[in-house]
There are 2 protein chains.
Amino acid sequence: MKNAIVLVSGGLDSATVAAIAKSQGFEVHALSFDYGQRHKIELDAARRVVASLGIRHHAVTAIDLRQFGGSALTADIVVPKDRDLSSAHDIPVTYVPARNTIFLSFALAYAEVVGAEDVFIGVNALDYSGYPDCRPEFIAAFETLANLATKAGVEGKQHLKIHAPLMQLDKAAIIRRGTELGVDYALTLSCYDPQPPNIACGTCDSCQLRAKGFAEAGIPDPTIYRPTA
Amino acid sequence: MKNAIVLVSGGLDSATVAAIAKSQGFEVHALSFDYGQRHKIELDAARRVVASLGIRHHAVTAIDLRQFGGSALTADIVVPKDRDLSSAHDIPVTYVPARNTIFLSFALAYAEVVGAEDVFIGVNALDYSGYPDCRPEFIAAFETLANLATKAGVEGKQHLKIHAPLMQLDKAAIIRRGTELGVDYALTLSCYDPQPPNIACGTCDSCQLRAKGFAEAGIPDPTIYRPTA
């Protein structure tokens with residue numbers, strides 16, 4: 001079996017990607033980050049997802065992005081609620097500087113050490129929050145970089161491919177695909193501002209996109225939402 | 001003053017780069033990594049270099065590359081000694097998987113948060129150890145990536161430039177340049193296998209390149225070497 005690295009956050013998208021990588025026959029090495037995120041309990045969701053898919057390798061890497069801050073997820077900036085996403089075109093304050101660049105860099109190290117040529121990431125360019133490091137041109141540039149960066153690549157032993165299988169899917173299509181593959185979305189957590197153990201706010205951008213996805217897919221939403229006042 | 005991020009390891013090259021960035025009028029934000037390196041005492045050298053250059057900002061970021069291993073610097077692999085570098089063309093075991101990709105990714109986060117457009121790194125393609133992530137094509141690919149990765153870049157507020165001012169210099173030329181700029185190389189530590197507080201082995205690849213550089217530059221070598229048996 002070929003090894004693959006899959007970035008697993010604990011959210012809906014990366015759970016789907018992990019299931020896709022497994023369905024393609026890869027021996028999945030999951031990689032998650034304890035990066036100082038406000039919604040750190042997503043790591044519990046990541047562990048549940050990894051266990052439920054029978055993935056045997058899971059690295060959780062600690063990095064301190066609070067040291068740099070600059071985001072509602074890593075600094076004392078309020079997570080926006082009840083935004084009208086249909087008219088919002090700016091990059092929101094939940095953007096974390098260089099996050100996917102950092103995550104993919106660690107995935108590259110992990111890939112080289114376990115001899116993997118395939119790295120999977122759950123970014124998508126449709127129902128997303130406008131983050132620059134979720135776009136196809138970013139992923140293509142990282143793949144180019146990756147093939148110049150490693151010893152195994154230079155020696156011709158490794159040709160790295162960055163897979164972003166959700167890139168052109170909307171949230172409903174992602175949910176349908178994961179449901180076909182048996183993903184249990186009740187285990188996942190998408191909310192930027194959750195309460196333990198697994199309670200979503202229902203109003204942040206990520207909750208809105210998720211709820212809309214289940215509704216459009218016509219699949220019951222298993223998310224536990226915080227009661228409104 | 002314009003902010004710049006400078007990667008500072010504590011070695012000779014990055015000390016020179018920090019002095020170059022200062023001489024170009026940048027407000028330097030130094031960035032070092034506690035990454036599980038065998039020669040962790042290089043961080044003391046980094047702090048000495050930063051202080052001696054009057055740099056007021058210094059972030060030391062902890063990341064655990066021992067979690068992945070795969071290098072003589074981050075795993076239980078012996079650091080090679082007394083190699084004949086004139087005939088060695090392979091990438092040595094001191095290569096750390098994806099290290100410069102990871103370091104530059106964090107520099108990118110730091111740059112975005114402090115509004116810097118300039119990132120300096122002390123790689124060079126002549127007197128180096130054959131690492132793939134020290135080559136001009138790697139640096140160029142990272143710069144392309146960086147300009148696709150950030151919010152500030154996408155919004156047109158930031159155009160990132162990765163400076164590698166040592167790229168085409170040999171070690172003697174680097175030492176001459178730093179000496180002109182007043183760098184005190186006695187503060188630096190290049191050795192991969194040092195002893196506290198600042199004693200170099202004299203025989204690893206890095207020590208060999210450094211000693212040869214001072215000899216060729218005709219500048220006294222201030223390095224403290226371990227007595228040979």
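A residue is counted as buried here if 20 or more other C-beta atoms lie within 10 Å of its own. With that criterion in hand, the tour of this predicted model may begin with chain A.

**Chain A as a whole.** Select chain A and display it as a cartoon. Of its 229 residues, 51% count as buried. Its C-alpha atoms fill a box of roughly 60 × 40 × 30 Å along the principal axes. The radius of gyration of chain A is 17 Å, which agrees with the value near 17 Å for a compact globule of 229 residues.

**Secondary structure.** Colour chain A by secondary structure. Seven helices and seven strands should appear, and following the sequence gives the order β-α-β-α-β-α-β-α-α-β-α-β-α-β. A contact map adds a further view: among contacts in chain A with a separation of 6 or more, 71% are between residues 24 or more positions apart.

**The annotated cysteines.** Next, select A:Cys191, A:Cys201, A:Cys204 and A:Cys207, which an unreviewed UniProt entry annotates as "binding site". These residues span 17 residues in sequence, yet no two of their C-alpha atoms are more than 7.0 Å apart, so they gather at one spot.

**A:Cys201.** Centre the view on A:Cys201, in the loop between β6 (199-200) and α7 (205-217) of chain A. A:Cys201 counts as buried because it has 20 C-beta neighbours inside 10 Å. Show its contacts beyond four places in sequence: A:Lys81, A:Cys191, A:Asp193, A:Pro194, A:Cys207 and A:Arg226. Two of the annotated cysteines, A:Cys191 and A:Cys207, are thus included in that list.

**A:Cys204.** Move to A:Cys204, which lies in the loop between β6 and α7 of chain A. A:Cys204 is buried, with 25 other C-beta atoms within 10 Å. When sequence neighbours up to four places away are set aside, A:Cys204 is in contact with A:Val79, A:Pro80, A:Lys81, A:Cys191, A:Tyr192 and A:Asp193. A:Lys81, A:Cys191 and A:Asp193 are therefore worth keeping on display, since they touch A:Cys201 and A:Cys204.

**The nonpolar core.** Finally, bring chain B into view. The largest nonpolar core has 143 residues, and those with the most contacts inside it are A:Val6, A:Ala18, A:Ala107, A:Val119, B:Val6, B:Ala18 and B:Ala107. Select B:Ala18 from this group and display its surroundings. Beyond four places in sequence, B:Ala18 is in contact with B:Val6, B:Val8, B:Val28, B:Ala30, B:Val49, B:Leu53 and B:Ile55. Of these partners, B:Val6 is also among the residues with the most contacts inside the core.

Definitions and conventions: Residues are numbered from 1 along each chain as its sequence is written. Chains are lettered from A and ligands numbered from 1 in the order in which they are written. This is a predicted model: local features need pLDDT of at least 70, side-chain atom pairs count only at pLDDT 80 or more; totals for chains, interfaces and linings use all residues. UniProt positions are given in the numbering used here, feature names are shortened, and annotations may be inferred rather than shown by experiment. Helices (H or I, at least four residues) and strands (E, at least two) are DSSP runs, numbered from the N terminus. A residue is buried if 20 or more other C-beta atoms lie within 10 Å of its own, exposed if 12 or fewer, and partly exposed in between; C-beta atoms are placed from the backbone. Two residues are in contact if their C-beta atoms, placed from the backbone, lie within 7 Å. A nonpolar core is a set of buried Ala, Val, Leu, Ile, Met, Phe, Trp, Tyr and Cys residues joined through C-beta atoms within 7 Å. The radius of gyration is taken over C-alpha atoms; the globule rule is 2.2 Å times the number of residues to the power 0.38.
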